[in-house]
Amino acid sequence: MRWMTRQFSLPILLGISLTSVSIAILYVLYKKDEEDIKSRKNHVEISKRFTAECKVPRQFVPAVIGRGGSMIKDIQNKTGTQIHFKEDNIDCPDRICIIKGSYEGVHLAEEMIKSVIQNQPIIETYEMYVPQKACGRIIGRGGEVIHQIQATSSAKIIIESSYTPYDPNAERRIIIKGTAEQIATALLQIEDKVREEKEARTKLEASSASRLPRGKLSPRNTKNNIQSEQVQTTELLPGI
């Protein structure tokens with residue numbers, strides 16, 4: 001009986017072993033096929049990635065990048081793309097922006113960059129000439145006044161550094177950069193300072209004109225002095 005049991009057990013054990021080996025082989029083959037499919041899929045996805053170039057006017061590059069790269073990072077996160085700028089060419093008015101990603105992502109990133117550029121305010125340049133003697137009032141002590149004008153108007157103001165001595169009618173050029181509204185705000189404040197300087201000088205000249213030159217006497221004092229001299233002369237004459 002034991003011998004028969006052993007005869008039956010051996011084929012069963014062999015069958016179980018072969019089945020286990022077959023399952024293991026099938027599992028290995030399945031995993032290999034799965035990895036091959038995944039690899040082919042990744043290869044197809046990589047092959048579908050696109051690269052595009054987008055021109056960005058030089059003055060708008062800081063806006064596209066954003067403070068600390070915040071804007072360009074936001075565009076990359078929302079579009080799933082990689083964005084960077086080519087090496088700068090100072091002879092070219094534009095910077096070239098490289099965008100890599102899926103077709104949809106690249107297209108969306110381009111549109112977002114264009115939107116950032118279009119929403120930027122137009123910067124203008126305005127030039128004016130003011131009396132040289134008014135520049136001190138416009139600049140202020142330690143640049144305090146001009147810094148305040150720039151802060152309140154958000155415009156950039158440059159005063160020409162050239163100075164013409166001994167010419168009371170000399171003028172200096174002032175350059176104002178900003179939007180039309182910013183320039184208008186700065187212009188009003190500068191004109192106020194020029195007017196204040198003109199009024200102050202007019203008052204000073206009027207005050208100086210009302211004063212008598214040093215060493216000269218008024219007509220009344222001159223008459224009294226003449227009479228005093230006549231009295232002194234009379235007293236000195238003999239026999240009178």
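Here are a few notes on this predicted model, going from the whole chain down to one residue.

1. Start with the overall layout. The protein has eight helices and six strands. Read from the N terminus, the elements go α-β-α-α-β-β-α-β-α-α-β-β-α-α.

2. Now for the surface. About 18,600 Å² of the protein is exposed, and 56% of that comes from carbon and sulfur atoms. Of its 240 residues, 23% count as buried, meaning that their relative accessible area is under 20%.

3. Which residues touch each other along the chain? If you take the contacts with a separation of 6 or more, 65% of them join residues that are 24 or more positions apart.

4. Have a look at the sheet built from strands 4, 6 and 5. These three strands make an open sheet in the order 4-6-5, with antiparallel pairing. Strand 4 (124-131) and strand 5 sit at the edges, each pairing on one side only. From one strand to the next, the twist averages 20°. As background, strands of a sheet pair through backbone hydrogen bonds.

5. Zoom in on one pair. Strand 5 and strand 6 (residues 171-178) are joined antiparallel over four bridges. Ile 159 stands opposite Ile 174 of strand 6.

6. What lies across this sheet? Helix 7 (residues 180-210) lies across strands 4, 5 and 6, and runs at about 5° to strand 4.

7. Finally, check Ser 154, in the loop between helix 6 (144-153) and strand 5 (156-159). The phi of Ser 154 is near 65°, a positive value although the residue is not glycine. Most residues other than glycine have a negative phi.

Conventions. Residues are numbered from 1 along each chain as its sequence is written. This is a predicted model: local features need pLDDT of at least 70, side-chain atom pairs count only at pLDDT 80 or more; totals for chains, interfaces and linings use all residues. Side-chain values use heavy atoms; hydrogens and water are left out. Helices (H or I, at least four residues) and strands (E, at least two) are DSSP runs, numbered from the N terminus. Two strands pair if DSSP finds at least two bridges between them. Axes are lines fitted to C-alpha atoms, for helices over the stretch in contact, and angles run from 0 to 180 degrees between N-to-C directions. Contact means heavy atoms within 4.5 Å. Buried means under 20% relative accessible area, exposed over 50%, partly exposed in between (1.4 Å probe, protein chains only). Accessible areas come from the Shrake-Rupley method with a 1.4 Å probe; for residues, only the protein chains shown count as cover.
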